[in-house]
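Here's a quick tour for anyone meeting this protein model for the first time. Have a look at the sequence and the structure, then read on.

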Amino acid sequence: MSHSHHNGCGCQHNPHSASDTHKKGAWKRIAGAGLLVVLLVAAASLVQVRSGESLIITRFGNPVRVLLDPGLAWRLPAPFEMSTAVDLRLRTTSSGLQDVGTRDGLRIIVQSFAVWQVDNTPEHVQRFMRAVQNQPDEAARQIRAYLGSALETTASGFTLSQLVNTDSQHVQLNQFESHLQAQISQPLLESYGIRLVQVGTERLTLPAVTLNATVDRMRAERETIATERTAEGKRAAAEIRSAAERDARIVEAQAQVQAADIEAQSQAQAAEIYGKAYASSPQLYRLLRQLDALSGVVNSSTRLVLRTDAAPFRLLVEGPKLDKTHE
C-alpha cells in the first residue's frame with residue numbers, strides 16, 4: 001500500500017517556486033544598491049553656487065571652469081573634479097597711520113581705507129585664486145602695501161592747504177582720494193583680480209612740527225591779508241580825500257566867479273546910483289562921499305589931529321552947505 005506525502009499545512013511543496021522567489025529578492029537588492037550608488041554619484045557630482053560667491057572647478061588640480069551664477073551645477077565626482085568656493089562679497093581694509101610728505105615739504109599723518117572685492121569674472125576669479133591661494137587676509141595685506149606706497153606718491157602732488165584748510169572751497173580731499181584710487185586700481189585688478197570699489201580717508205592729522213609750521217603760515221597769511229586791506233583802505237581814503245579837495249576847489253572857484261560877477265554887478269549898480277544921485281544933487285552927493293570917506297578912515301578907537309579947514313574935516317566945523325535950489 002502506498003501513501004502520498006503531505007506537509008503539515010496540507011499543501012504540496014514546489015522547489016522551483018522557492019528558487020524564483022530567492023532570485024527576485026536578490027535582484028531587488030542589487031537594484032536598490034545600484035540606485036543608491038547612482039544617488040551617491042549624483043550627490044557627489046552636484047555642487048551649489050551660493051549667492052555672493054563663485055566656484056572654481058578643478059580637474060586634477062587644474063582649473064577648468066568658473067561658476068558664477070547662483071544655483072546647482074554638475075561636475076565629475078571626486079577625485080576627478082574638485083570645487084573651491086571664492087568669496088565675492090565686499091570687504092574692507094585699512095592702511096594704518098602713514099607719515100607722508102606734501103608738495104610744500106610738510107609732513108602729515110594719514111590713514112586710508114579701501115573697500116574691495118574679487119572681480120566677478122572668470123578670468124579675475126582664477127587670477128585671485130592663483131595670486132593669493134584664495135586667502136582674503138593675504139589679499140588685504142597686499143592692498144595695504146599698495147595703499148602705503150600710493151599714499152606717499154599721491155600726497156607729494158598736493159599742498160597742505162589743499163588737504164587741511166578752514167575754507168572748504170580750497171580743500172581737495174575728494175581729488176586726493178580719486179587720485180589714490182586711480183593709482184592702485186589697475187595694478188590690483190591685473191595682478192590679483194581685485195576690484196577696488198572705494199578708497200577714502202579715514203583719518204588725517206598733523207605732527208607737532210607741521211602743526212606749528214601751519215599755525216605760523218596761517219598767521220602770516222592773515223597778517224598779509226590785513227596789510228593788504230589796510231593799504232586798500234588808505235588808498236581808498238586818499239582817493240576820496242583827493243576827490244573831495246578837487247570838488248572843493250571847483251566849488252570855491254565857481255563861488256569866486258559868482259562873487260566877482262555879483263561884485264561887478266553891484267559896483268555897476270552903485271556907480272549907476274551914484275551917477276543918478278550926483279546928477280540930482282551934486283552937493284548932497286559930495287557930502288555923502290565925504291561922510292563915507294570919514295567912516296572908512298575914522299572909527300571909535302581912532303585919534304586924528306588934522307586941520308579942520310581941510311576936506312573932508314571941514315564939515316565938522318562949517319557943517320554941510322546945501323544948495324539953496326534944493327532946500
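## The end of helix α2

Let's start just past α2, where glutamine 133 has a positive phi of about 55 degrees. Keep in mind that this is a predicted model.

Now step back into α2 itself, which spans residues 122-132. Which of its residues are buried? They are His124, Val125, Arg127, Phe128 and Val132. These residues lie on the same side of α2, because they cover an arc of only 160 degrees around the axis. As a general point, an α-helix has 3.6 residues a turn, so residues three or four places apart point the same way.

## An aromatic pair between two loops

There are three aromatic pairs in the structure. One of them joins phenylalanine 60 and phenylalanine 80, edge-to-face, at 6.3 Å centre to centre and with 80 degrees between the planes. The two sit 20 residues apart in the chain: phenylalanine 60 is in the loop between β2 (53-59) and β3 (62-67), while phenylalanine 80 is in the loop between β4 (71-74) and β5 (81-87).

How open are these rings to the outside? Phenylalanine 60 counts as exposed, at 61% relative accessibility, and phenylalanine 80 is partly exposed, at 43%.

## A buried aromatic pair

Phenylalanine 158 and phenylalanine 176 make another edge-to-face pair, with 5.6 Å centre to centre and 75 degrees between the planes. This one ties the loop between α3 (136-155) and α4 (160-163), home of phenylalanine 158, to helix α5 (residues 173-192), home of phenylalanine 176. The partners are 18 residues apart.

Buried or exposed, these two? Both phenylalanine 158 and phenylalanine 176 are buried.

Key: Residues numbered from 1 in each chain as written. Predicted model: local features only at pLDDT ≥ 70, side-chain atom pairs only at ≥ 80, totals over all residues. Heavy atoms only, no water. Buried < 20%, exposed > 50% of the residue type's maximum accessible area, 1.4 Å probe, protein only. Helix = DSSP H or I, 4+ residues; strand = E, 2+ residues; numbered from the N terminus. Arc of directions from axis to C-beta. Phe/Tyr/Trp six-rings, centres within 6.5 Å; stacked < 30°, edge-to-face > 60°.
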